[in-house]
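Welcome! Here is a short guided walk through a structure that may be new to you. Take a moment to look it over, and then read on.

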2 protein chains.
Amino acid sequence: MVEEGTTTTGSLAGRPHVVIVGAGFAGLACARELGNTEIDVTVVDRRNHNLFQPLLYQVATAALSPADISEPIRRTLGRYRNIKVALAEVVGVDPAAKVVHLSEGEPIAYNKLVIATGSEYNYFGHDDWRAHAPGLKTIHEARLIRQRLLLAFEKAEQTRDPEEKRALLTSIVIGGGPTGVEMAGAIAELGHFMITRDFRDLAPEHFRVILIEAAPRILAAFPDDLAQYAERSLEKAGVQVLTNTPVEKISKEEVIAGGQTFRTGCIIWGAGVKASPAASWLGIEGKAGGRIPVDPDLAVTGMSNIYAVGDTALGMGEEGKPLAALAQVAKQQGEYLGAALRTKLLEGRQPQPFRFHDRGNTAVIGRNAAIFDFGTWKMKGRLAWFLWAIVHVYLLVNFEKRLLVSIQWIWRYATRQRGARLIDENAGIEVPASTERRET
Amino acid sequence: MVEEGTTTTGSLAGRPHVVIVGAGFAGLACARELGNTEIDVTVVDRRNHNLFQPLLYQVATAALSPADISEPIRRTLGRYRNIKVALAEVVGVDPAAKVVHLSEGEPIAYNKLVIATGSEYNYFGHDDWRAHAPGLKTIHEARLIRQRLLLAFEKAEQTRDPEEKRALLTSIVIGGGPTGVEMAGAIAELGHFMITRDFRDLAPEHFRVILIEAAPRILAAFPDDLAQYAERSLEKAGVQVLTNTPVEKISKEEVIAGGQTFRTGCIIWGAGVKASPAASWLGIEGKAGGRIPVDPDLAVTGMSNIYAVGDTALGMGEEGKPLAALAQVAKQQGEYLGAALRTKLLEGRQPQPFRFHDRGNTAVIGRNAAIFDFGTWKMKGRLAWFLWAIVHVYLLVNFEKRLLVSIQWIWRYATRQRGARLIDENAGIEVPASTERRET
């Protein structure tokens with residue numbers, strides 16, 4: 001019953017073997033470029049799916065389902081018969097022996113190694129805050145936030161204590177970057193509409209969303225006028241924006257920031273990322289938040305046969321400035337490296353150095369409100385929001401997802417209702433102590 | 001900011017108060033009939049969503065997302081300003097004081113009480129089997145099965161031990177009722193296609209699905225010829241059907257049945273249901289699997305102001321035969337009771353007794369194979385499968401879900417690919433010891 005063409009593609013003698021660790025934007029783009037070539041490729045990831053992180057905040061706010069924005073890695077790469085996928089956790093690299101060590105099972109030998117392990121939230125030394133204030137990097141965290149948000153409303157409906165009700169109806173988002181702004185805007189929309197329509201004992205004026213930022217203004221990566229527009233839009237949507245307000249303490253039901261104490265039903269962390277701990281596998285010192293310095297061809301500086309791409313790599317832009325940890329950087333680096341490895345391994349030529357092409361930076365605040373910064377020109381408002389929606393639908397992995405997400409967005413735009421308001425049944429659901437443990 | 005029309009509808013003096021426990025097919029249908037009337041209604045459920053159970057097997061086999069088949073109860077009932085929803089667990093009823101006791105918070109007083117708490121899987125005294133062989137009643141269980149199924153394939157791809165590989169690629173479904181048949185057929189389709197396309201070190205001939213049934217034939221509720229057709233279709237899809245094979249023991253990786261020992265990567269239980277424990281709240285003896293005997297008007301026999309509908313009620317059909325625990329019975333009983341309570345409470349008239357209208361019985365085996373039994377005439381094959389799909393899309397709660405599910409089915413029919421192949425990231429996920437604990 002073995003079909004024709006389904007030969008097992010282990011490391012056949014003579015064929016070079018590229019191992020890619022991490023199947024995010026960078027890793028997948030790299031693997032695709034190597035698909036159906038005379039190179040053996042193994043993609044290792046501790047999850048079985050690739051996640052479209054830019055829309056994860058919509059899962060957390062009950063607008064989309066996890067499967068709408070995640071795709072099995074095997075499904076994406078299944079068409080390439082030279083690519084193997086392994087669900088495994090990498091725990092170390094031996095550059096001398098050219099092997100990758102896994103937490104379980106035998107080590108994997110490589111000719112070329114690509115590290116594309118991404119980033120995680122940085123709690124700046126307060127790792128105990130993670131349990132109370134999950135970030136938005138995994139589906140598990142998005143579900144956890146959705147769970148806490150919806151449960152807080154349910155509890156608020158039931159309690160008779162007005163103080164308690166007020167606290168449960170207060171959501172706090174920490175960090176005024178794009179994720180924080182998107183979350184705050186989305187929670188405000190969800191809450192206002194749900195209270196008005198679906199609850200009987202809650203008043204919209206008791207519902208609060210507070211966005212806390214330590215810096216003097218939100219959206220530091222954007223020009224001042226766009227950030228100001230975003231702040232005004234958030235406030236119009238009912239979000240209280242507190243700048244110059246560093247967080248001092250987070251516990252289960254309380255945030256202390258800027259000397260004030262806020263009681264809350266749901267806390268979300270979006271205050272900064274750091275690179276994955278891949279630098280330590282290589283025995284090198286990460287820079288700028290643990291990132292691995294790379295040469296213009298994305299080879300890890302000072303090492304041979306090892307490359308790093310995406311958030312975990314510290315690449316340099318045109319003017320010698322470090323490239324930001326953005327999806328478009330990761331994707332372009334992955335594509336570049338895949339093509340470069342092909343050139344190198346199959347044709348023996350040295351590739352051109354990597355050059356980043358800035359496609360513009362965007363953040364969405366809510367219904368009819370988004371900002372776009374293309375460097376030379378800028379956009380905001382309804383048109384920017386529309387463009388944001390089109391771009392994000394287009395970036396989804398296949399036609400089915402595009403259709404499913406479009407329909408849900410159109411439906412929601414028309415009705416303001418959210419489809420995925422599921423409170424999970426497993427009450428024991430807890431955020432992992434560290435994203436570093438195996439998450440299967 | 002309180003909108004006009006959003007008055008709080010507590011139990012206003014003079015207005016009767018109907019409390020409905022459980023928002024499944026029966027409870028929701030009953031609530032809808034009472035919507036926007038001069039009756040105060042409170043719907044209590046320990047989950048925040050209503051689940052379309054007939055398609056839960058598709059969540060378990062990665063074809064649909066949980067949110068595609070579940071709808072927030074508040075969203076369904078939000079339009080009726082006289083209906084309150086409470087996320088709470090009922091732990092008892094005091095018929096003398098006419099109150100319902102909750103696990104947390106104050107008791108709820110009622111004038112009329114409707115019990116619609118459904119059924120759960122029956123492990124026939126072997127409750128320790130539940131952890132190894134989850135049933136298909138909740139989203140949590142469906143996710144758990146999906147998780148185990150997909151993880152077994154991933155582990156099989158990695159192991160070099162051929163015995164282990166074989167065991168991991170063996171799925172066992174216990175119980176040859178509609179759920180068991182649907183699950184077995186769906187796993188067979190998923191596995192064969194995934195192995196051929198997306199895995200490199202697995203051979204389709206090592207993949208096995210075994211359907212185990214203690215009785216002499218599967219689908220006892222269907223006519224013999226339809227059951228035979230289903231068995232043939234299952235075998236054509238690669239399912240091994242073992243009848244006359246009672247299960248003796250279930251452990252984590254093994255099933256002993258009919259004297260044989262089967263090593264397996266995933267076990268699913270579909271071997272029989274029992275009523276929810278609501279009978280014990282009323283201090284009465286449940287019959288035929290814990291069901292509450294009801295009079296022709298669905299009032300609990302021997303009690304006043306308390307009604308029971310759906311799987312948890314033991315109603316009688318035309319010829320004095322007990323009605324089956326089916327969605328259509330539940331829905332019809334709920335609709336009847338809602339209308340009857342309206343008649344009784346608002347007009348003071350006595351309603352006609354309940355009469356069940358049989359809409360036919362169906363089961364789906366897989367792609368192009370389903371059976372329909374309408375009593376007088378029967379259907380099987382591709383046309384039955386097509387009708388099954390249309391009926392089930394139609395039965396979904398709103399236009400958005402219908403569209404989303406239709407698109408995914410058409411996509412899957414064309415490509416054979418499954419979209420929701422997510423392995424959850426929370427490794428600690430475990431089936432609850434009993435479905436009776438609060439599942440939030």
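A residue counts as buried when its relative accessible area is under 20%. By that rule, 59% of the 440 residues of chain A are buried. Please keep in mind that this is a predicted model.

## Chain A as a whole

Let us begin with the overall picture. Chain A contains eleven helices and 24 strands. Along the principal axes, its C-alpha atoms fill a box of roughly 70 × 55 × 40 Å. How does the radius of gyration of chain A agree with that of a compact globule? For 440 residues, such a globule would have a value near 22 Å, and chain A has 23 Å, so the two agree. Contacts tell us about the fold too: among those in chain A with a separation of 6 or more, 66% join residues 24 or more positions apart.

## Two helices and their lengths

Helix H6 of chain A covers residues 178-198. It is mostly covered, with 15 of its 21 residues buried. Helix length can be checked by simple arithmetic, as the table shows for H6(A) and for H11(B).

| Helix | Number of residues | Expected span at 1.5 Å a residue | Distance between end C-alpha atoms |
|---|---|---|---|
| H6(A) | 21 residues | 30 Å | 29 Å |
| H11(B) | 17 residues | 24 Å | 24 Å |

The expected span agrees with the distance for H6(A), and it agrees for H11(B) as well.

## A helix pair in each chain

Two packed helices are described by the angle between their axes and the distance between the axes. In chain A, helix H10 (residues 382-395) and helix H11 (residues 399-415) pack at about 150 degrees, with axes 9 Å apart. Angles over 145 degrees count as roughly antiparallel, so H10(A) and H11(A) are roughly antiparallel to each other. On the H10(A) side, the contact includes Arg382(A), Trp385(A) and Trp388(A), while H11(A) contributes residues including Arg402(A), Val405(A) and Trp409(A). By class, the residues of this contact are eight nonpolar, two polar and two charged.

Now for chain B. The axes of H10(B) (residues 382-395) and H11(B) (residues 399-415) come within 9 Å and cross at roughly 150 degrees. These helices are therefore roughly antiparallel to each other. Among the residues making the contact are His392(B) and Tyr394(B) of H10(B) and Ser406(B) and Tyr413(B) of H11(B). Here the classes come to eight nonpolar, two polar and two charged residues.

What do the buried residues of H11(B) pack against? In chain A they meet helix H3 (73-77) and H11. In chain B they meet helix H2 (56-60), strand E4 (70-72), helix H3 (73-77) and H10. The buried residues of H11(B) include Glu400(B), Leu404(B), Trp409(B) and Arg412(B).

## Two residues of chain B

Val18(B) sits in strand E1 (residues 17-21) of chain B. Is this residue buried or exposed? Val18(B) has 0% relative accessibility and so counts as buried. Leaving aside residues up to four places away in sequence, Val18(B) touches several others, among them Leu34(B), Val41(B), Val114(B) and Leu345(B). The C-alpha atoms of Val18(B) and Ile306(B) are 9.9 Å apart, although 288 residues separate them along the chain.

Ser233(B) belongs to helix H7 (residues 224-236) of chain B. With a relative accessible area of 12%, Ser233(B) is buried. Not counting residues up to four places away in sequence, Ser233(B) touches Ile365(B) and Ala369(B).

Terms used. Residues are numbered from 1 along each chain as its sequence is written. Chains are lettered from A and ligands numbered from 1 in the order in which they are written. This is a predicted model: local features need pLDDT of at least 70, side-chain atom pairs count only at pLDDT 80 or more; totals for chains, interfaces and linings use all residues. Side-chain values use heavy atoms; hydrogens and water are left out. Axes are lines fitted to C-alpha atoms, for helices over the stretch in contact, and angles run from 0 to 180 degrees between N-to-C directions. Helices (H or I, at least four residues) and strands (E, at least two) are DSSP runs, numbered from the N terminus. Angles under 35 degrees count as roughly parallel, over 145 as roughly antiparallel, 65 to 115 as roughly perpendicular and the rest as oblique. Contact means heavy atoms within 4.5 Å. Ala, Val, Leu, Ile, Met, Phe, Trp, Tyr, Cys and Pro count as nonpolar, Asp, Glu, Lys and Arg as charged, and the others, Gly among them, as polar. The expected span of a helix is 1.5 Å times one less than its number of residues. Buried means under 20% relative accessible area, exposed over 50%, partly exposed in between (1.4 Å probe, protein chains only). The radius of gyration is taken over C-alpha atoms; the globule rule is 2.2 Å times the number of residues to the power 0.38.
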